[in-house]
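Please open the model in your viewer and keep the selection box handy. We will go from stop to stop, with something to select at each one.

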Amino acid sequence: MRRRSFLAGLAGMAGSGLVRPAWALGSAGRVDVAEIQLGSGTISRPEAWKRLLFETIQTTSVEAEPRVVQLAPDDPQLFEHPFAVLCGDGALPVLSDAARQQLFRYLSYGGFLLVDDASGVLHSDFDTSARRLIGDVFPTRPIETLASDHSVYRSFFLLKEPSGRIQLTHVLEGVSHVSTHPLIYSRNDLSGALDRRPDGSDRLPCTPGGEDQRREAVKLSINLLMYALTSNYKQDQAHVNELMREGRLE
Amino acid sequence: MTGPGVLEWATPQWACGLVIGLSIVAWVLSLWPPRPRVLEALCFGVALAALDWLLCGPQWVEDGDRLESGRLVVLVDGSRSMGVLEADGKPRGAAVADILERIGPAEVYTFGERLRSGAPAAFSDGDSDLGGALDGIARKYAGERLGGIVVLTDGIDRGGLRTRVLSGAVDVAPLSGPLTVYQVGTAQGRTDLAVDDVHAGSFAFLRAEFPLDVTVRGIGVVPGSVVVSLTRDGQPAGSAVAVMGPDGKGTAHFKITPDRPGRFLYEASVPLIAGDAVPANQQMGLAVRVVRDRVRVLQVCGAPSLDQKFLRLFLKEDPAIDLVSFFILRTGRDMNSGYSPDELSLITFPYQNLFDRELSSFDLVIFQNFDYAPYFESRANELLGNVAEYVKAGGAFAMLGGDRSFDLGAYAGTPIADILPVKLGVTGNPVDERPVVPRLTEAGARHPVTQLTGESADNALAWSQLGPLDGVNLVVSKAPGAAVLLEHPTLKGADGAPLPILAVSDVGKGRSMALMADASWRWSFSEAGAGRGNQAYLRFWKGAMRWLIGDAADAPVTVETARENYTPGERATALVHVRDVAYAGVPAAAVSARVSGPEGEQTLSGVTDADGVTRFDLPTTLRGAHRVTVRAQGRAGVIGDAETVYGVTTRDPELDEVEPDTTFLTAFAADAGGRYVGPGTFEGPIIDASAGRHVHDRRVTPLGAHPLVGVVLAASASLAWLLRRRAGLR
């Protein structure tokens, strides 16, 4: 059973989606995005994250709410939004003790933080300050390069490398906690590839790959959100075996 | 031989003096008034003298010593091994009577578990202890040199003497007489095929293969290979071949993979061969307790969500849980997004395998916001029926809320509805989206699933302080027999009772739980945000897991014995717990127990105490599997049934070894300086002619009681009285 059966399985799912009732429990519990605001150095791209949530709703079964909130790192409301992003292009300020402790608690108890470097240069003030910030939050855990078979590359789409508005690096980095990486660091300005103007057009061009590169960036963003929800689900033996059996994974 | 005699008086000397003194006074007074009456005085004096003789009790005493010949003491082995059939078809002990007759007069004792006087009426003792018997004889005849000590035995000694003699470590203590050992029974011509040992340890892990080895021992004409049959609780569990080696032993190897937890009795047996001397040693049992090493959980989720994320984190981080997750990442609604299937890492949902062949391999199945209809299609009723049957057979099932659960998942009218602790079939809007803080019920206050703290008052407070849930799935009401642990503070069900939010139920041998919400993750994350950590979430889910997959120990009615295996005669007690679905002990419940085993079947009855507990003493007389089945009945009818097994598995050691131990008996006789007499021959016992005992001999001849004394007394007294009357005196 290869592609034909796979399609049949998906087709089986199709019938249900059309007849599923519209009722749902409270929207407060659906997935949304919290933008962490640190002031100088951070930038807000709510349209980029709304695009991520919209694409997730359209592409996956995740019940997301296209809602983006801006929160300070020490705001208790952060625990209402388990998926958070920190995007910036300049030097970040040093975290207060309260903010550092809350971020550590947030990430230790199940929250997820995507750090997105929008500076577009390899040695940027953002990168330096972001690494310092990560080190402050996780003083005993180093930031590490994620392996090419990491779950984030297969949590929904099969990806070979991370994409973004630019192709600065070919890897993602992260900090591990127990068996997952609750913090992942992207250097390729992922939100820049997702960001849109009010009229729906893309705000920034993707280089050097153009729209194909943007498409891959969208896929990566969905994978990141899916990874935040399912963590290492795709490393479960049943999935690995099946993907390898179908020849879609080496 | 006695020496020369002496005269002694039976009456104390002072009494004799008093009697003689009074007699003299009486005689002098009889002469008053003084006149010549010689003959009367003489007769009266003779009468008084005869009376004094009688009262003083004179006796002739002769003292001396004599030597008696030494006694012959015979010790006869009364153990069950003496009942083994010999080649001629007669019990081994049949030769004892003949030997005793040839030996002649002797003081005979039987030894086995204890030493007792007389020859054995039957060979029924357990542990034959020859050393203990010799010690007993030494104490009984302390200080006496015996003419001889005779032992009649097959040499299968279990008291330690055999081990000491054969090891040569300890010299045999000097005996109080010369020893003669008669071996009873021969090694030639006997055939016996026995299960020598069953080895598997006393516990095994669920779904993990464990070895069970059966050692077979053969004597005489036995096959070169033996088929060993194995049963589990009386049901066939396979067979294996033991190839017999030159030492007469062989081992059959079994590989067993237990498919459910509990206590099971494995019994190995070998076939009965013609002329088998000891048919009773062809079986041997061993009780094995099967425990879970890891709890195997199937988490099926209709869509990734925050609730799914936190539950997976909890399940995945627990090393005691083997988690298999399947999340529906994409549905038919998501097909128009322009991505090719080759770009996706999705796999086909293997629902047919999961809910057909693999289902029984899971300890717990969780439907988390999962709607079955799109995937199960035409097999929906069959596969959901499999889940229901799996639960009734002892599995565990939990349904968690969401927009694909309960009535939103169209479970009403399906086999799943029959196992849920809530009634489905809500008409109209089946959800309430308003945030709600659930209220702990009375049942929830004591149920293990909802114990967040050790103290009940703190527990209710802890639940009230948790953050609100994001709405709930509505249900009609709780199902009959279910327990509601958390309830809605304002909404009512069709039965007028508060609407259940968390409910549990016993379903056949299994359990089910329903949480009508999809935001239990807030008990983790929101609590952590408030600085209270995620203990509430962890304790809730750990409690739920433990209860859902609980072994029989958490069932409404449980019966257990302290151990799996007992030795014959050891005291065993069954402890019966009776609880209601809300986990409270049921007092005054009538409990009947049926114990079936080699002793037959017996029925016991009892009544639970205030804690819902009662106890039964169990039989352990005979070796073999024993099954205890209990039923508890309350006022409303049957509360539940439970059963357990235990084994009396230390086989009768007297029958483990049937060959007479000639080596031991000859060595023992030699060490003691005695004589060994082999079977089928007779030679008299060694007698020590010089042995014996000095006996003090005393001969006492009473002289006072002689009839002549009475005659003299009567005649002289009468004559004196006549003479006195003739003289005109009174």
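Begin with the six strands of chain B that form an open sheet in the order β5-β4-β3-β6-β7-β36, with mixed pairing. Its edge strands are β5 (116-117) and β36 (675-677) of chain B, each of which pairs on one side only. Two strands count as paired if DSSP finds at least two bridges between them. The element names come from DSSP runs numbered from the N terminus: helices are H or I runs of at least four residues, and strands are E runs of at least two.

A word on what you are looking at: this is a predicted model, in which local features need pLDDT of at least 70 and side-chain atom pairs count only at pLDDT 80 or more, while totals for chains, interfaces and linings use all residues. Residues are numbered from 1 along each chain as its sequence is written, and chains are lettered from A and ligands numbered from 1 in the order in which they are written.

Stay at the β36 edge and select β7 (residues 179-183) of chain B. β7(B) and β36(B) pair in the parallel sense over three bridges. To see one of the bridges, pick B:Tyr182, whose partner in β36(B) is B:Val677.

**Next stop: strands β8, β10 and β13 of chain B**

Select residues 192-199 and 210-219 of chain B, which are β8 and β10; these strands pair in the antiparallel sense over seven bridges. Show B:Asp197 and you will find B:Thr215 of β10(B) opposite. Now add β13 (residues 249-256) of chain B, which runs antiparallel to β10(B) and is joined to it by eight bridges. Here B:Phe210 has B:Ile256 in β13(B) as its bridge partner.

**Strand β15 of chain B and its partners**

Select β15 (residues 283-291) of chain B together with β9 (residues 203-205) of chain B: the two pair in the parallel sense over three bridges. B:Ala204 is bridged to B:Val290 in β15(B). Then bring in β14 (residues 262-269) of chain B, which pairs with β15(B) in the antiparallel sense over eight bridges. In that pair, B:Glu267 has B:Gly285 of β15(B) as its partner.

**A five-stranded sheet**

Which strands make up the next open sheet of chain B? Its order is β29-β35-β34-β31-β32, and the pairing is mixed. β29 (565-566) and β32 (600-607) of chain B stand at the edges with a single partner strand each, so one side of each has no neighbour in the sheet. Zoom in on β34 (residues 624-634) and β35 (residues 637-648) of chain B, an antiparallel pair joined by 11 bridges. B:Thr629 is a good residue to click, with B:Glu643 in β35(B) as its bridge partner.

**Two helices of chain B**

Select α13 (residues 522-529) and α14 (residues 535-548) of chain B. Their axes, which are lines fitted to C-alpha atoms over the stretch in contact, with angles from 0 to 180 degrees between N-to-C directions, come within 7 Å and cross at roughly 160°. That makes α13(B) roughly antiparallel to α14(B) (over 145 degrees). Show B:Trp523, B:Ser524 and B:Glu527 in α13(B), which meet B:Ala536, B:Tyr537 and B:Phe540 in α14(B); a contact here means C-beta atoms, placed from the backbone, within 7 Å.

Is α13(B) mostly covered or uncovered? It is mostly covered, with eight of its eight residues buried (20 or more other C-beta atoms within 10 Å of a residue's own). These buried residues pack against α3 (97-108) of chain A, along with α6 (306-317) and α14 of chain B. Just beyond, α13(B) is followed by B:Gly531, whose phi is positive, near 85°.

**Over to chain A**

Select α2 (residues 46-59) and α6 (residues 210-230) of chain A, whose axes come within 10 Å and cross at roughly 80°. α2(A) is therefore roughly perpendicular to α6(A) (65 to 115 degrees). On the α2(A) side, A:Leu52, A:Glu55, A:Thr56 and A:Thr59 meet A:Val218, A:Ser221, A:Ile222 and A:Leu225 of α6(A).

**Last stop: B:Asp697**

Finish in β37 (residues 692-702) of chain B, where B:Asp697 has its place. Draw a distance from its C-alpha atom to that of B:Leu67: the two are separated by 9.9 Å, though the residues are 630 apart along the chain.

How values were computed
Angles under 35 degrees count as roughly parallel, over 145 as roughly antiparallel, 65 to 115 as roughly perpendicular and the rest as oblique. Two residues are in contact if their C-beta atoms, placed from the backbone, lie within 7 Å. A residue is buried if 20 or more other C-beta atoms lie within 10 Å of its own, exposed if 12 or fewer, and partly exposed in between; C-beta atoms are placed from the backbone.
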